[in-house]
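Morning, everyone. Please have a look at the structure on the screen. I'll talk about how some helices pack, and then about cavities.

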Amino acid sequence: MESISRISSLLETARDLTLEAAKDVGPRRQLKAVPAAQIKKLLDSRNERDVLDGLRRIIAMQYASPPQPTLTFFPAVLKTLSNPYPSTRPLVYNYLLHHADLDPDTTLLSINTIQKSLSDSNPRVRAMALKTMAGIRVPMISQLVSLAIKKGVNDLSPIVRKAAALAFVKCVRLDPSTQPQVETYLATLLGDQQYFVAGAAVQAFMEVCPNRLDLIHPVYRKLCKMLADMDEWGQLAFLRLAVTYARSSFPRRSTQVRRAATKDEKSRDFYEDLDTKEEQPDDFEEVETVDPDLMLLLKSALPLLQSRNSAVILSVTRLYLYTSPTDYLHQAIGPLIALLRSPRDIQEVALYNIVQVCLQSPSLFVPYFRHFLIHASEAPQIWRLKLETLTLLFPHSDKSTQDLILAELEHFSQGHNPDLVRESVRSIGRCAQVSDTKTSRRCLSLLLKQIHSSDTTLVGEAMDVIRHMIQRSPEEHSKTVIRLAKNLDTLSSPGARASIVWLAGEYAGTDSDSNIAADVLRTLLKTYAEESDEVRAQIVLLAAKVYLHYLNAANAKHQALAALSPNEPSTISEPDADSPIPQLYTHTLLLARYTPSYDLRDRARLYRALLAVPTSTDLASLLLLAPKPVPQAPSPSEGHRGFMLGSTSLITGVVGFRGYEGVPDWVREGEEPDAKLRDESGETSGRGQERAKAAVSAGSMLDEVLEKEVRSGTGKTKTLDDWLDEEEESSEEESEEEESSEEEETEEETESESEEDEQAVLVR
């Protein structure tokens, strides 16, 4: 009967396993809606498969869209904690964490069962229980959570210790008064020999007490050595901590070294009869020295550049950028460029960070400039960042690279996408701004070709960039203004026409021999009625500037004549009404009076009031002819320069995200913590963690023993004869031992033979 019952139980178990495997392998089907009474019946069943089915249905209702109410099943779910089924426990814990704050009184009934699970023989069960207990958001059990964490910190299993480390944050958030106890436990786990436990402890440290750097001093070197073995979350936390720790513990030091001699100096020193020369200050240069502990950190982070995680690569780049940009940053450029082959979201974040690094060290990216060439299928966010990167690399590139970049920008400035056209033209202007005179002229010639295009957007943007370039050096571009004025008859873009009229009026008085402002005004007044309000405003301004230059010239001439004949009384001369310039000015104001634009009519009244008295033009000159500031076109990301690399604020440009911290300042020399604090103690505080002894050779250990014997007087220095005598004695002792062992063997053989003879006699 027992065999039949065992066979039936095995068959039932095999059936359950087959059904479970079929569910897992087959397609995921949505569970059918079941009445609440039937679900409670499943939970009360003694069959593990029924209980598991009921729990799955409750969890599915819990995460449905929209979520369905499942709080009514709370008592029935808690009763399943008493079942010995290991498969149902994770689902019960999940339900408990989801509803603990909704019904805290019922939740307290499960604390006793969870505490019993903390003593289970299975470490995974203990870790799960600790994680669940720390996740219950009921302030009444904060001390119980603290005791559970204390027990988990001293657990033999690293899985449980890791769960305890991750529970630190939940415990402090549940009850801030437990932070002193948690910091004590945290100091213990930071020195753990298991790398994944130490990584979890570093994560908790960054959340609980990121300013307690005194906890890091004793374990700093150990954590640096474990960095390559930690999981990716632990690596991210430690690299974020390392930037703050390095800049707060290692001051920047530099030393003077002799400058390397050039080839000319070497050849001159070889052929000349050298005498002892006095050292000059120019013979030395400042070289930055790196602390050995900082060097250990930088070398430990180097293998992480091969990580498959893009966030780890960005964190290593941030570490090198803010701690050692001259020695190690160049090694992070290649892995950073490799992120451009990632999916679109990672590619965009990588480009933001590349631009940030490029603002400080653009020359490192010049060999990789082809990776920033634009593709037609790229999103606007991607090609904007690539255009910005190309303009940052442009002044540090050679001529062939500059030619390729300008050809690329010229090609996309003639495209069909208005946003791309606008950004390409602006990029050409930024390239001209930061390059030499020859390259700037080439950029200007490219832009002058664009004003004949039929695309009004392209023409308007090109004209704005040309205007900025002329404002930077107006003396060199006097002929350019004349060339632009000749195109007023063919240009149709209102923005471009307004820019040309403004340039004609702004530089009307720079060169009296080639002054074309009055002629431009005469031409524009013929088509005043057909112009847009933007162009009309510039025509009225041009008329006021031309008339003001005319009055200033007349007043200067009158003052010169008065200086030649000081005895004659000075008479105020009115402007000649028959002169063409006053007539043009009067005609312009008359046209502006009947313009529909209120703003334009107000401007005309202002100019009429300023120039009402011909001999008093000081105020008008101050307002109309004042020198304009030179326009600058900085990089669009220039405003993000102060943000931390790899942060969300760098991408959004907004400060105030939770957890954001700026780059700390370097500690001053003399204020840094003592380096002895980073010496590892003889015994670490972790569970079962004894400090590994340093590897010492056998010869050095023997030498130390002999030295101690000689110092204590028990040992004497031995000569060669003494060593030989000892070898002879040892050889004699070995021979005697061999003889005695042979005798013993013979005696044993004789005894065994005698015993065999006695047994034979007994048998007979």
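Start with a term: an angle over 145 degrees between helix axes counts as roughly antiparallel, and an angle under 35 counts as roughly parallel. Keep in mind that this is a predicted model.

Now the first pair. Helix 28 covers residues 533-564, and helix 29 covers residues 580-593. Their axes lie 9 Å apart, at an angle of about 150 degrees. So helix 28 and helix 29 are roughly antiparallel to each other. The crossing of helix 28 past helix 29 is left-handed.

Which residues of helix 28 meet helix 29? They are Ile539, Val540, Ala543, Ala544, Val546, Tyr547 and Tyr550. On the helix 29 side, we have Ile581, Pro582, Tyr585, Thr588 and Ala592. By class, that contact has 11 nonpolar residues, one polar and no charged.

Next pair. Helix 17 is residues 310-323, and helix 19 is residues 344-360. Their axes come within 11 Å and cross at roughly 10 degrees. That angle is why helix 17 and helix 19 count as roughly parallel to each other. Helix 17 brings Ser310, Leu314, Thr317 and Leu321 to the contact. Helix 19 brings Ile346, Val349, Asn353, Val357 and Gln360. Here the classes are five nonpolar, four polar and no charged.

Last, cavities. How many are there of 30 Å³ or more? Three. The largest has a volume of about 100 Å³. It is lined by 15 residues, and the closest to its centre are Glu288, Thr289, Val290, Leu294 and Thr323. The lining of this largest cavity divides into six nonpolar, four polar and five charged residues.

Notes:
Residues numbered from 1 in each chain as written. Predicted model: local features only at pLDDT ≥ 70, side-chain atom pairs only at ≥ 80, totals over all residues. Heavy atoms only, no water. Axes fitted to C-alpha atoms, helices over the stretch in contact; angles between N-to-C directions. Helix = DSSP H or I, 4+ residues; strand = E, 2+ residues; numbered from the N terminus. Parallel < 35°, antiparallel > 145°, perpendicular 65-115°, else oblique. Left-handed = near helix turned anticlockwise from the far one by under 90°. Contact = heavy atoms within 4.5 Å. Nonpolar A, V, L, I, M, F, W, Y, C, P; charged D, E, K, R; others polar. 1 Å grid on protein atoms, 1.4 Å probe; cavity = no way out; pocket = protein on both sides within 12 Å on 5 of 7 lines; lining within 4 Å. Points joined across faces, edges and corners; volume = space filled by probe spheres on them.
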